[in-house]
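Subject: Structure handover

Hello,

Here is the structure I promised to pass on. Please open it first, then read my notes below.

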Amino acid sequence: MDIAALLGKATGLAFVDCSASSETIRMLNQVVDMGCCVVLANKKPLTSTMEDYDKLVSYPRRIRHESTVGAGLPVIASLNRLLSSGDPVHRIIGSLSGTLGYVMSEVEDGKPFSEVVKVAKNLGFTEPDPRDDLSGMDVARKALILARLLGRRINLDSIKIESLYPDEMGPDAMSVEEFLGSGIVSLDNDVQERVKRASLNGNVLRYVCVIEGSRCEVGIQELPKDSPLGRLRGSDNVLEIYSRCYNKQPLVIQGAGAGNDTTAAGVLADILDIQDLFP
Ligand SMILES: NC(=O)C1=CN([C@@H]2O[C@H](COP(=O)(O)OP(=O)(O)OC[C@H]3O[C@@H](n4cnc5c(N)ncnc54)[C@H](OP(=O)(O)O)[C@@H]3O)[C@@H](O)[C@H]2O)C=CC1
Ligand SMILES: N[C@@H](CC=O)C(=O)O
C-alpha cells in the first residue's frame, strides 16, 4: 500500500487481483483513491454492492477486467467498443462457463458427472471451490458483470440462478474435500438421466446465460445439438451479442473460456494495455 500511495497516480502502477476472494474489495477501494490502475480476474469485487462497483469503475480508463468473463476472450473489450460507439446492446445469450461446458460435453460422452468435475478442477477450469461453478453462481457473476456494463443497476439477488446440487451439499454443510470425495457421487445418476432424456429428443444440455430487457437469468437449457450453443465442446464459451448494428446476425465471440494459460494471457494483455495511458 505504501508503494501504491507513492507511485499510484503518475506511473500507471496496476493492482492486479487474481484471487477468488471478496477480502480484496476494501484494498481495491483504497488503491482506486490513490489513482492506481486495477486489473481483475476476480469477479467478486465487480459483483459486490452497487456502491463498491461504482467506486471501482469511477475511473473507467484505469480498470481492465477482461478475464472476468470468458477468460482471455475479448468479451469486455468488444462490448465496450460497441457501447462507446453508441451501439445499444439489447440481448446477450451465451454459454459462459468453461467448467459446465466441459462437464456437460464429457457427460454426453458417457463419463460420470462426479469424475469429470474432478478432471475439470485438475485442468484449472473450476473455481477453487467447484461448487461456485456447479451452483451457477460463477456464471451469475459473469452475467451481472455484463448487465452492469450495459448500465443495469442490479445485484446478484436479481438474477435467476439454477444450481446443479442441493443446498444440503453447500459450503455450510460440507468441505470441498467432502463434497468431491463423497457428496457429488450421489448426483451422477440424476445428471446422466437428464442428459439421456435430452439426447432422446436430439438435444443436449447447456448452462445458458440470458440478458435481455429486465431479464437476467442463468440455468440449464435443452438445446438442439446443431445449434451454436449445442455444438460447443470442452471448455469453449460462446457469446452472442445483439445490438442495433448486430441485429439479425449477432456478433459472436467463441473460444476457450477457462484455463490457466488463457486467463493469464488475458490478465497480462490488460496490464500491457493499461500502460498505454502512461507513455
Ligand atoms: N481458472 C480459470 O480458468 C479462470 C479463473 N478466473 C478467476 O481467477 C481467479 C483465480 O482463479 P484460479 O487461479 O483458478 O484459482 P486458484 O485457487 O488457483 O488461485 C487463487 C489464488 O489467489 C490467492 N488468494 C486467495 N485469497 C487471497 C487473498 N485474500 N489475498 C491474496 N491472495 C489470495 C490464493 O493463494 P493461496 O493458495 O495461498 O490461498 C491462490 O494463489 C478467480 O477469481 C477466478 O474466477 C477467471 C477466468 C478464468
Ligand atoms: N470457473 C470458471 C473460470 C472462468 O471464469 C469457468 O469454469 O468458466
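Which residue does UniProt list for "active site"? The unreviewed entry gives Lys142. Please keep in mind that this is a predicted model, and that every value below is computed from it.

**Lys142 and Lys43**

Start with Lys142. This residue lies in helix 8, which runs over residues 137-149. Is Lys142 buried or exposed? Lys142 has 25 other C-beta atoms within 10 Å. The cut-off for buried is 20 or more, so Lys142 counts as buried. Leaving aside neighbours within four places in sequence, Lys142 is in contact with Lys43, Thr68, Val69, Leu96 and Cys209.

Lys43 is worth a look too. UniProt places the feature "binding site" there, again in an unreviewed entry. Lys43 sits in the loop between strand 2 (37-40) and helix 3 (50-56). With 23 other C-beta atoms within 10 Å, Lys43 is buried. Which residues does Lys43 touch, not counting those up to four places away in sequence? They are Thr68, Arg141, Lys142 and Ile145. Thr68 is thus on the contact list of Lys43 and on that of Lys142.

**The two ligands**

Ligand 1 is surrounded by 19 residues. The closest are Ser19, Ala20, Ala41, Pro128 and Ala258. By class, the shell has 7 nonpolar, 9 polar and 3 charged residues.

Which residues are around ligand 2? They are Ala71, Ser97, Gly98, Thr99, Phe125, Thr126, Glu127, Asp133, Asp138, Gly257 and Ala258. This shell splits into 3 nonpolar, 5 polar and 3 charged residues. Ala258 is listed around ligand 2 and is also among the closest residues to ligand 1.

Ala71, one of the residues around ligand 2, has an unusual backbone angle to check. Most residues other than glycine have a negative phi. Phi of Ala71 is near 50°, a positive value. Ala71 is found in the loop between strand 3 (63-64) and helix 4 (75-84). Ala71 has 27 C-beta neighbours inside 10 Å and so counts as buried.

**Two helices**

Helix 5 covers residues 98-108. How many of its 11 residues are buried? The count is 9, so helix 5 is largely enclosed by the rest of the structure. The buried ones are Gly98, Thr99, Leu100, Gly101, Tyr102, Val103, Met104, Ser105 and Val107. Gly98 and Thr99 also appear around ligand 2.

What do the buried residues of helix 5 pack against? The helices are helix 6 (113-122), helix 7 (131-134) and helix 10 (188-200). The strands are strand 4 (89-95), strand 6 (203-212) and strand 8 (236-243). Just after helix 5, Gly110 takes a positive phi of about 95°.

Now helix 2, residues 25-33. Leu28, Val31 and Val32 are buried there. Why are they on the same side of helix 2? They cover an arc of only 105° around the axis. Just after helix 2, Gly35 takes a positive phi of about 85°.

**Glu222**

Glu222 is found in strand 7, residues 215-224. Glu222 is partly exposed, with 16 other C-beta atoms within 10 Å. Leaving aside neighbours within four places in sequence, Glu222 is in contact with Ala198, Asn201, Asn203 and Leu205. Asp87 is 135 residues from Glu222 along the chain, and their C-alpha atoms are separated by 31 Å.

**The whole chain**

The chain has 11 helices and 9 strands. Its radius of gyration is 19 Å, close to the 19 Å that the globule rule gives for 279 residues, so the chain is as compact as a globular protein of that length. The C-alpha trace spans about 60 × 45 × 30 Å along its principal axes. Buried residues make up 37% of the 279 residues. Among contacts with a separation of 6 or more, 65% join residues 24 or more positions apart.

One last record. UniProt gives "domain: Homoserine dehydrogenase catalytic" for residues 74-272, in an unreviewed entry. The end C-alpha atoms of that span lie 15 Å apart. The span is 41% helix and 22% strand.

Best wishes

Key
Residues numbered from 1 in each chain as written. Chains lettered and ligands numbered in written order. Predicted model: local features only at pLDDT ≥ 70, side-chain atom pairs only at ≥ 80, totals over all residues. Near = placed C-beta within 6 Å. Nonpolar A, V, L, I, M, F, W, Y, C, P; charged D, E, K, R; others polar. Buried ≥ 20, exposed ≤ 12 C-beta atoms within 10 Å, placed from the backbone. Helix = DSSP H or I, 4+ residues; strand = E, 2+ residues; numbered from the N terminus. Arc of directions from axis to C-beta. Contact = placed C-beta atoms within 7 Å. UniProt positions renumbered as here; feature names shortened; annotations may be inferred. Rg over C-alpha atoms; globule rule 2.2 N^0.38 Å.
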